[in-house]
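Dear colleague,

Please find below the structure that I am handing over to you, with its sequence. My notes on what was found in it follow.

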Amino acid sequence: MNLGTIFSLSTLLNTVNTSTIVILAALGCLMTDQAGIMCIGIDGMIIIGAFAGAMGSWLCGSWVMGLVFALAAGLLSGLFYGVLVIRYHSDEFIIGVAFNLFAQALTTFLLRTLIGQSGSFHPTTGEVVKIPVLQLGRVGDTQVQISIMVLLAWFLVLAMWVFLYKTPQGFWLHASGEHPESLRSVGRSPEKQRYFASLGCGLLCTLAGAYLSMGYLSTFTENMSASKGYVAVACVIFGRSNPLIVFFATLLFGFIEAAGLRMQGFIDPTLTATFPYVGTILMMVFLALRQRTRRGHRAAK
Amino acid sequence: MKKCVSWILFVLMLVTLFSTAASAETPSVAIVLANTLGDRSFYDSAKEGIDRLEADFGTVTKVIHCYEDASQYEIGLDQGAQACDIVVAVGWQFWDALDSGVILEDYPDKKFLFVDNGLADRGDNLMSIVYAQNEGSFLVGYIAGKMTKTGKIGAVGGQDSDTINDFIVGYKAGAALANPDCEVLVQYSNDYEDPAKGKECALALHSMDCDIIFQIAGKTGEGVFEAAREAGFYAIGVDGDQKYINPDVIICSMVKDVGRSIYEVVSHPDEYFKGGTIWKADMATGFIDVVYGTEDMPQQVSDELKSEVEELKQKIISGEIVVPTTLE
């Protein structure tokens, strides 16, 4: 086995570029987890963001407008989830699952009726303008390319950490999930915090989707999130909603997947395909063992 | 009141009777897809076939999508058989549903066509079409073997299955003939519907020095072209002439003309439809080929190489070269 091909710069770049989708979605998910209404509908929000981003970018011929379309769709998705879960007290898991199915069907329907194409989106005129990529020169044989969304995602991880643990607003958000009554006793509304979290979740997840359809690729295909949202949920649970730990968990997942691909030459390819899922199970077992001493699941303070 | 209702029902019955009689002039055809359209290769090719039937003969057509949901395969075939005279099952995934024979017995008057896998002797109303994808892959492998500068070429396969490996053995044999030192690396995406996965696979192959990559993964292959554009290597298309997708990086395509094979069988059922048999659509009959897009697109493959490929093609047709296969 040639370890050079597995632990190479290209593997690292691959990891960084693909895990950005999961990082952004996980940041959104952890906001709702902090507010006590964990959203597993993020897979659907990614698909909606991917669709709106590709459409905006194609219609207006500009990636900025693509992002604007995606973020607008994110606000709507967040509001939809928020109203059902916060205003009408629906079960957040059922709404989350329903939202995932709904988003998949809605984007499929819109693609077929508005554009008249099925399966995937291939504009006959114009193209999906991609989010700019930074060329950072060559190292050896490898051209180092990083999308600006990758840097934005990393910045957002730090910003989220500062927000959650260093600002009063962050504490309110956490209190709305941990102990809403005490938040109410100081005259703050936990519902407002939750709405804030669910809107933030919508924005971040659709940003992840926009990166998928107009950053990493330049097309929209039905169900293109390929369950990355569920990986993000697993990372959030593993990292107990601490942005920094969640960030490393997503990188680890990305690395397992990228390395798995490169191991196909040595190991049976049907086995390497299971690596990300085996990784998830191992992480969950680790978590369960660790949590035996700390009762119950709570978002990290 | 009762009389009125019975009159309405009687008129309705007449209308439906005549409307079915009218549509029965040319056989209607349903394609039942194991997944869904939009891959710009396999499934879209089948759709093109029935679109041509509709244009040429006014055939009534129907598309049923199963979204890779195993519980839908039998239901999809059933729906197709209820609505149309000829049912085309597109994808090897229908093996179990057709092998059980329940559908075939339920609709003895309908004709079933199984595309991309072979089931013989399951009844007079089922015919299978298999394709000699190894022959076309041999030629694109030869082109890649001649054109590689690093001495390494790659292939992204949808999954580690017999049909996909049939492409790969042909590709390897062609590359070996062109350049005995040429190394062929393969990555399986384990998914036909995930372009992001296709891009990762292609970038991984490129990082191992492959400078020409053959995509054999349907919609996943879109990501291979994306990677080729970004990282600057050549790609080879599959199933249809895919060069138009990106003429600068796609040097040629291996055509497996699913659409035309369906067209021929449905439009000339007396000539082609033979129940209980497996028909092999190959290079000699023109259903497998190598194409280079249109004249106005930039051509990366030199004219000398194209004529060499043409000679090889004639040798395959005449049987002088027998390309290895994983099937049968």
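**Strand pairing and pockets**

In chain B, strand β10 and strand β12 (residues 288-291) run antiparallel and are joined by four bridges. Please note that this is a predicted model. Within this pairing, B:Lys256 is placed opposite B:Ile288 of β12(B). β10(B) also has a parallel partner, strand β9 (residues 234-239) of chain B, to which five bridges connect it. There, B:Ala235 has B:Ile250 of β10(B) as its bridge partner. Strand β10(B) spans residues 250-256, and seven of its seven residues are buried.

Turning to the pockets, the largest has a volume of about 1,100 Å³. Its lining comprises 50 residues, and those nearest the centre are A:Ala226, A:Ser227, A:Tyr277, B:Asp191 and B:Asp194. Elements that each supply at least two lining residues include α2 (9-34) and α13 (275-291) of chain A and α8 (195-207) of chain B. The greatest contribution, six residues, comes from α11(A). By class, this lining holds 19 nonpolar, 20 polar and eleven charged residues.

The second largest pocket encloses about 670 Å³ of space. Of the 31 residues that line this pocket, A:Thr142, A:Gln143, B:Leu203, B:His206 and B:Ala231 lie nearest its centre. Among the elements giving two or more residues to this lining are β1 (133-139) and β2 (142-147) of chain A, along with α8 and α9 (221-231) of chain B. The lining of the second largest pocket divides into ten nonpolar, 14 polar and seven charged residues.

Yours sincerely

Definitions and conventions. Residues are numbered from 1 along each chain as its sequence is written. Chains are lettered from A and ligands numbered from 1 in the order in which they are written. This is a predicted model: local features need pLDDT of at least 70, side-chain atom pairs count only at pLDDT 80 or more; totals for chains, interfaces and linings use all residues. Side-chain values use heavy atoms; hydrogens and water are left out. Buried means under 20% relative accessible area, exposed over 50%, partly exposed in between (1.4 Å probe, protein chains only). Two strands pair if DSSP finds at least two bridges between them. On a 1 Å grid over the protein atoms alone, a cavity is a set of points where a 1.4 Å probe fits but cannot get out, and a pocket is an open set with protein on both sides within 12 Å along at least five of seven lines; lining residues have an atom within 4 Å of a point. Grid points are joined across faces, edges and corners, and a volume is the space filled by probe spheres set on the points. Ala, Val, Leu, Ile, Met, Phe, Trp, Tyr, Cys and Pro count as nonpolar, Asp, Glu, Lys and Arg as charged, and the others, Gly among them, as polar.
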